[in-house]
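Student: I would like to go through this structure and ask where its descriptive words come from. Please set each value against its definition.

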Amino acid sequence: MKMKELERVTGIGRETIRYYIREGLLPAPERPKRNVALYGDVHVSRLKLIRRLQSERHLPLSLIKTIVTNETENPATGFEAFIGLENRLGPLLSEGSALGPRLLADVLIAVPMSAEDARRLEELDVITVERRPDGEWLNARNARLLELIGKSRAAGFTPEAGYSVDIYGIYAEVMSVLAHRSVVQFYRLLGHRISTEVAAPMAAEGVNAINEMMQHMFVERIIQEVQRVTETGSFNDEEDDEG
């Protein structure tokens, strides 16, 4: 199709289309002749995706470019299908919890932890702090994380015993890798098959199942590792070599 038809189909003006091509958000048209430019389905789908990302997500063009090109320079149909998934998924994963956001300062009153420790946990991506005009806030999940760290300290896992907050960074690293791989796999396998409405409850059920699976797997691995150390008398790591 020619530019006039592309404008009609997408509702986007030619100057904007040309700008997107210059900025790399759209591929260049085919030019069978010197003064002829032809556009195809890739241009239509890409323009619709750009418009949707702008109107529904209010994303900057720099980020939209990363999304729509998606490494292979092809339209990111998985991204397009699941736009807004996080808005549907969050409430589903919070069902059954009556707790809303809490001020960080209020959480720290009840938890044996300093503000400096909380800042360090934020740096390690263990927790996320939302800064608003009325203070620093934690959602229910992040508030509970601080409470659980406080609970572990009450059990004896204190900084004096060598358990600084930095130790929790390894769990954040592992979770980041697992979350990234899980999300990418979900988008790649299902992004072109189901809608956001179907994906949200499906993803919520999957997350809840994985949470329980991970709990049991971790306990099992801990028991196995304790048994291994008991039987071998070795930690089997670099500390052994260093005496």
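Tutor: A crossing is left-handed if the near helix is turned anticlockwise from the far one by less than a right angle, and right-handed if clockwise. Helix H10 (residues 169-190) passes H11 in a right-handed crossing. This is a predicted model, in which local features need pLDDT of at least 70, side-chain atom pairs count only at pLDDT 80 or more, and totals for chains, interfaces and linings use all residues. Residues are numbered from 1 along each chain as its sequence is written, and side-chain values use heavy atoms, with hydrogens and water left out.

Student: What makes a stretch a helix, and how many helices are there in the protein chain?

Tutor: Helices (H or I, at least four residues) and strands (E, at least two) are DSSP runs, numbered from the N terminus. The protein chain has 12 helices and five strands.

Student: What angle and distance describe the packing of H10 and H11?

Tutor: The angle is about 145 degrees, and the axes are 13 Å apart. Axes are lines fitted to C-alpha atoms, for helices over the stretch in contact, and angles run from 0 to 180 degrees between N-to-C directions.

Student: Which residues of H10 and H11 meet, and what is their class?

Tutor: Met175, Leu178, Phe186 and Leu190 in H10 meet Ala199, Met202, Ala203 and Met214 in H11, where contact means heavy atoms within 4.5 Å. By class there are eight nonpolar, no polar and no charged residues. Ala, Val, Leu, Ile, Met, Phe, Trp, Tyr, Cys and Pro count as nonpolar, Asp, Glu, Lys and Arg as charged, and the others, Gly among them, as polar.

Student: Why is H6 called oblique to H11?

Tutor: The axes of H6 (residues 85-93) and H11 (residues 196-232) come within 9 Å and cross at roughly 40 degrees. Angles under 35 degrees count as roughly parallel, over 145 as roughly antiparallel, 65 to 115 as roughly perpendicular and the rest as oblique. The crossing angle therefore makes H6 oblique to H11. The contact of H6 with H11 has 10 nonpolar, two polar and two charged residues.

Student: How many aromatic pairs are there, and why is the pair of Tyr19 and Tyr20 called tilted?

Tutor: The whole structure holds three aromatic pairs. Rings of Phe, Tyr and Trp (its six-membered ring) pair if their centres lie within 6.5 Å; planes under 30 degrees apart count as stacked, over 60 as edge-to-face and the rest as tilted. The ring centres of Tyr19 and Tyr20 are 6.2 Å apart and their planes are at 55 degrees, so this pair is tilted.

Student: What makes the pair of Phe157 and Tyr163 edge-to-face?

Tutor: Their planes are at 90 degrees, with ring centres 4.9 Å apart, so the pair is edge-to-face.

Student: How do you know whether Tyr19 and Tyr20 are buried or exposed?

Tutor: Buried means under 20% relative accessible area, exposed over 50%, partly exposed in between (1.4 Å probe, protein chains only). Tyr19 has 33%, so Tyr19 is partly exposed. Tyr20 has 5%, so Tyr20 is buried.

Student: Is Arg153 buried or exposed, and which residues does Arg153 touch?

Tutor: Arg153, found in helix H9 (residues 140-154), has a relative accessible area of 9%, so Arg153 is buried. Not counting residues up to four places away in sequence, Arg153 touches Pro112, Met113, Asp117, Thr158, Pro159 and Val165.

Student: Why does Ala110 count as exposed?

Tutor: Ala110 lies in helix H7 (residues 104-110), and its relative accessibility is 65%, so Ala110 counts as exposed.
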